[in-house]
Amino acid sequence: MLNIINDVKELRQLIKTKAHHSYLQKYIEEPFVDEDKLLLLWGLFNELEIPDNERNHYMLSTMLVQIALDTHEKVSNTNVMGSPGLLKNRQLTVLAGDYYSGLYYQVLAEVGNINMIRALSSAVKKINDHKILLYQYTLNNIPDLLNSFRAVEASLIYKIAEYYQKPVWMDGAENLLLLKRLHREKEQYRETGQSLLVEGIRLILFPHIAMEVELSKEQLLQVENTMDSCIEYAIQSVKQSKGELSLANVELHQRMDDMLSFTELKVNSYVKEG
Amino acid sequence: MKYKLKYSFLNSDLQLVEKELEAAIHADSSVLTEASLHLLQSGGKRIRPVFVLLAARFGDYDIHVVKHVAATLELIHTASLVHDDVVDDADLRRGSATIKSKWDNRVAMYTGDYIFARALEMMSEINNPRAHQILANTMVELCLGEIEQIKDKFNFEQNWRIYFRRIKRKTALLIASSCQLGAIATGADERIQRRLFRFGYYVGMSYQIMDDILDFTASEAELGKPAGSDLLQGNITLPVLIAMKNPALKEIIKTVHEEMLKEDMGAIIQAIKASGAIEQATRISDQYLEKAFRELEELPSNKARKTLSQIAQNIGKRKF
């Protein structure tokens, strides 16, 4: 039996050490390790008969891909030409993402598991395809919209679970990570008034109203209600997945409960606040 | 294109590689497909696939295996160009609008990541862990070279070793690996694989030095950018390092900054050209080519060897 607390701590350190580059860290943010994705990976690998060293390599490489993708998300469209500091930050952010991608491939190549290279690169391909679909607002119904968020958030873990033929983990990762993303979208909408989810829903519900035109109160309410329905749907999916996952470790089980109740709490608080 | 005549016997195989490339970039998102095609079809020389195919001729040649390696190398090169244009904030490449300019930075980042993923997916057709280790190490080195380039911008105190390491990482290793991987994919003898790696490495070094020289000697029309652009952006290349051996000239070169007036920059370019730095850098580029030719001499004599030699000669003679 693996010990989740020590393991995750050790893995986090392993990832940070591998991704460390003194010059990059001087100018850009330290890579962010998504702990929920790490926990899901840990849970999946806990069920597999794989030597510890190999298992760590797979988790390390998967998290490096995630870090690479997340790093590239920070490259904005803002014009930074007049500001040498911001320009340098952007340049290094692009290169850092590429560097982390190279590291993930290097780790898997060292292990020599070519099938895993195929699985993860296929996931990265899918993720970027769906990122553009979302970014360009080309989706014209809610299930496709949710499907794209699901693909962006969970394809890495999904493809590994698929590779090891663990369908319960495929669904579990998709549902949990979708809920987390929708929640983040809602929070961002509340803070900034902008969100890919809300804008995507708006264009699906009101395709003939240009984005720069303000919606009426009723229309806006319809968009927000649809967003809440999406979140409610995601909550139900997570509850179903949780029942199906055979979580051998109490800590991981507890963590999933916490994530779910935290999300529910947030959703409820939004409802109360109106 | 001059190169095409030299390797016309590879044309049918190159067409297969081309088909692989086009098939590789078909995505659900039409924007992603269009953006990827936009760059792939914008007239790249396909020099890396050519090196792969030629090197593969030293083993048990099977185009249906080798085409995956050849397409992979081109895709990796393409992905890095897409991201380079964001790094350089470039609006034009090969005379056409860059992805970041036609769409935006975000689309360019997603497209580059997508193409990179397709490259690795295609490479996974090659069931040889060593080939993957070589390619992975090359990719990491490539990124380190790019990061170093930013780190060393306007660093007039950098030594030659730093410059050579940077161009090795930035340019030479990908060409060296193209040659080596072509040979590995067809099971060529290990000594041949190593020779082809060294050949590619020397050719790559020569090529990059020549590129750095042309930044001073070619016209704006030939370069597609003003002469001396590298120096103006703070990239200290071999001609500059040689010119800076003269302390007085070094002091003048050290005054270069990104906002420098065209006339002032023109005077510095002239001073570098008059210093003999171009001729000395050319000799160093030629020395690398000589080393490349010596590696070729030790390879079995065949059509591929002859073509590799002709391509190397072309690199030495190129004017822009």
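**Entry 1. Rings**

I began with the aromatic side chains of chain B, where ring pairs link Trp160(B), Tyr163(B), Phe164(B), Tyr201(B), Tyr202(B) and Tyr288(B) into a cluster. I note here that the model is a predicted one. Over all chains I find a count of 13 aromatic pairs. I looked up two of these pairs in chain A. Tyr99(A) and Tyr100(A) form a tilted pair, with 6.0 Å from centre to centre and 50 degrees between the planes. Both Tyr99(A) and Tyr100(A) are buried. Tyr163(A) and Tyr164(A) pair edge-to-face, at 4.8 Å centre to centre and with 70 degrees between the planes. I asked myself whether Tyr163(A) is buried or exposed. Tyr163(A) counts as partly exposed, because its relative accessibility is 31%, and the partly exposed class runs between 20% and 50%.

**Entry 2. Where the chains meet**

I then turned to the interface. How many residues of chain B are in contact with chain A? I find 44 residues of chain B in contact with 41 residues of chain A. The area buried between the two chains is about 4100 Å², and carbon and sulfur atoms give 66% of that area. On the side of chain B, Arg106(B), Tyr110(B) and Ile147(B) lose the most area to chain A; together they make up 16% of what that side buries.

Next I checked the polar side of the interface. The count between chain B and chain A is 19 residue pairs in polar contact, both residues at pLDDT 80 or more. I also find one salt bridge between the two chains. In the salt bridge, the side chains of Glu121(B) and Lys125(A) meet at 3.1 Å, N to O.

Which elements of chain B give two or more residues to the side that touches chain A? I list helix 3 (30-40), helix 5 (63-87), helix 7 (105-123) and helix 8 (129-151) of chain B. Sorted by class, that side of chain B has 23 nonpolar, 10 polar and 11 charged residues.

**Entry 3. Gln106(A)**

I looked up one residue of chain A that touches chain B. Gln106(A) lies in helix 5 (residues 84-111) of chain A. What does Gln106(A) touch, leaving out residues up to four places away in sequence? I find Lys18(A) in its own chain, and Ala136(B), Asn137(B) and Val140(B) across in chain B. Gln106(A) has a relative accessible area of 14%, so I put it down as buried; the limit for that class is under 20%. From Gln106(A) to Ser61(A) the C-alpha distance is 8.5 Å, although 45 residues separate the two in sequence.

**Entry 4. Ala119(B)**

Ala119(B) sits in helix 7 of chain B. Its relative accessible area is 0%, so Ala119(B) is buried. Beyond its neighbours within four places in sequence, Ala119(B) is in contact with Thr72(B), Leu75(B) and Ile76(B). I also checked Ala71(B), which is 48 residues away along the chain; its C-alpha atom and that of Ala119(B) are separated by 7.4 Å.

**Entry 5. Lys100(B)**

My last entry is on a lysine. Lys100(B) is found in helix 6 (residues 99-102) of chain B. Is Lys100(B) buried or exposed? Lys100(B) is buried, because its relative accessible area is 13%, which falls under 20%. The side chains of Lys100(B) and Asp91(B) are joined by a polar contact of 3.4 Å. Leaving out residues up to four places away in sequence, Lys100(B) touches Asp85(B), Val86(B), Asp89(B), Ala90(B), Asp91(B), Asn105(B) and Ala108(B).

Notes. Residues numbered from 1 in each chain as written. Chains lettered and ligands numbered in written order. Heavy atoms only, no water. Contact = heavy atoms within 4.5 Å. Buried area = accessible area lost by both parts, 1.4 Å probe. Salt bridge = Lys/Arg side-chain N within 4 Å of Asp/Glu carboxyl O. Polar contact = N/O pair within 3.5 Å; in protein donor to acceptor, adjacent residues only side chain to side chain. Helix = DSSP H or I, 4+ residues; strand = E, 2+ residues; numbered from the N terminus. Nonpolar A, V, L, I, M, F, W, Y, C, P; charged D, E, K, R; others polar. Buried < 20%, exposed > 50% of the residue type's maximum accessible area, 1.4 Å probe, protein only. Phe/Tyr/Trp six-rings, centres within 6.5 Å; stacked < 30°, edge-to-face > 60°.
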